[in-house]
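Me: Could you take a close look at one part of this structure for me, the strands that pair up, and then work outwards from there? Keep it informal.

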Amino acid sequence: MEDLKERIEKFTELEHAFNKDFYKKLETRHAPHTLFIGCSDSRVEPETLFQSEPGEFFQMRNIANIVPREEEPDTHPSTVSAIEYAVQELKVKNIIVCGHSKCGGCAALRKLKDYKKKYPYTGEWLMQSISISNYIDEEYPDMKENDKIIMLEKLNAVQQLDNLMTYDFVRQKVKSKKLNLQAYYYDIGNGTVSVYDYDSVFSDIIKEITLKRKDFIEDNNNNNGE
Ligand SMILES: [Zn+2]
């Protein structure tokens with residue numbers, strides 16, 4: 001902990017002291033241009049990816065960068081309120097959902113039954129994306145497991161754009177072109193980012209997954225003996 005304390009002192013004495021005017025202005029103006037929805041993973045930060053300054057990105061991060069769908073019974077006010085506030089109050093111009101390579105949440109989705117026994121809260125949260133994992137098994141039975149996980153990481157990011165569009169306040173702003181939605185896939189090892197629009201190469205697949213979503217979730221619950 002001593003090291004963390006020293007870092008804070010360094011921030012106050014060096015970074016903040018040398019940029020006083022910047023932080024004075026920042027205190028009275030909160031106008032981020034983008035809502036960044038990312039995984040809680042410590043390796044995936046917009047500050048690093050975009051080389052950004054404080055005040056640019058409003059952030060909502062959770063395990064596997066998931067956006068709960070509006071029509072589903074379980075409410076997740078913490079997650080949805082961050083989106084509501086960013087879109088309605090701060091009027092961000094962009095929402096970026098950022099998936100990434102070697103995502104622990106996506107890997108857990110591949111063995112969710114066992115995982116739920118070990119980590120019930122995380123397992124329950126991840127259930128929201130189980131349909132993507134099941135869809136990949138159904139459509140690509142011969143694909144190597146490693147490739148399935150990469151596909152899942154990418155599809156899971158794009159799926160969240162569809163989940164965002166279940167909210168009226170998002171849909172309206174996208175339709176009137178006041179809000180732009182994009183999914184990113186960040187490959188940590190080689191430093192590249194793939195960008196997918198809502199209408200991307202994956203949009204037909206996402207439509208199919210959404211249609212099958214309820215059945216997949218029911219099947220999974222039945223398999224768990226619930
Ligand atoms: Zn992750």
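Reply: Let's start with β4 and β5: the strand β4 is joined by 6 bridges to strand β5 (residues 192-197), and the two run antiparallel. One place to find your bearings is tyrosine 185, which sits opposite serine 194 in β5. The hairpin of β4 and β5 has 4 residues between the strands, and there glycine 191 takes a positive phi near 75°. Bear in mind throughout that this is a predicted model.

Now for the other partner of this strand. Strand β3 (residues 94-100) is joined to strand β4 (residues 180-187) by 7 bridges, and this pair runs parallel. Here asparagine 94 stands opposite asparagine 180 in β4. So β4 is the strand to keep your eye on, since it pairs parallel with β3 and antiparallel with β5 by the rule that two strands pair if there are at least two bridges between them.

Moving off β3, you come to the loop between β3 and α5 (104-109), where lysine 102 is found. Lysine 102 has a positive phi of about 55°, although it is not a glycine. As for its surroundings, lysine 102 has 14 other C-beta atoms within 10 Å, so it counts as partly exposed.

Another loop has a residue worth setting beside it. Asparagine 65 is in the loop between β2 (57-62) and α4 (77-89). Its phi is near 40°, again a positive value in a residue other than glycine. Asparagine 65 counts as buried, because it has 30 C-beta neighbours inside 10 Å, and the cut-off for buried is 20 or more. So the two loop residues both have positive phi, near 40° for asparagine 65 and about 55° for lysine 102, but asparagine 65 is buried while lysine 102 is partly exposed.

Finally, step back to the N-terminal end. The protein is divided into domain 1 (1-30) and domain 2 (31-223), and the C-alpha centres of the two lie 32 Å apart. Helix α1 covers residues 2-18, and at 1.5 Å a residue its 17 residues should span 24 Å, which agrees with end C-alpha atoms 24 Å apart. Even so, α1 has a kink of about 35°, centred on phenylalanine 11. The number of buried residues among the 17 of α1 is 0, so the helix lies largely in the open.

Methods:
Residues are numbered from 1 along each chain as its sequence is written. This is a predicted model: local features need pLDDT of at least 70, side-chain atom pairs count only at pLDDT 80 or more; totals for chains, interfaces and linings use all residues. Domain bounds come from an automatic or database domain assignment. A residue is buried if 20 or more other C-beta atoms lie within 10 Å of its own, exposed if 12 or fewer, and partly exposed in between; C-beta atoms are placed from the backbone. The expected span of a helix is 1.5 Å times one less than its number of residues. The bend at a residue is the angle between axes fitted to the seven residues ending there and the seven starting there.
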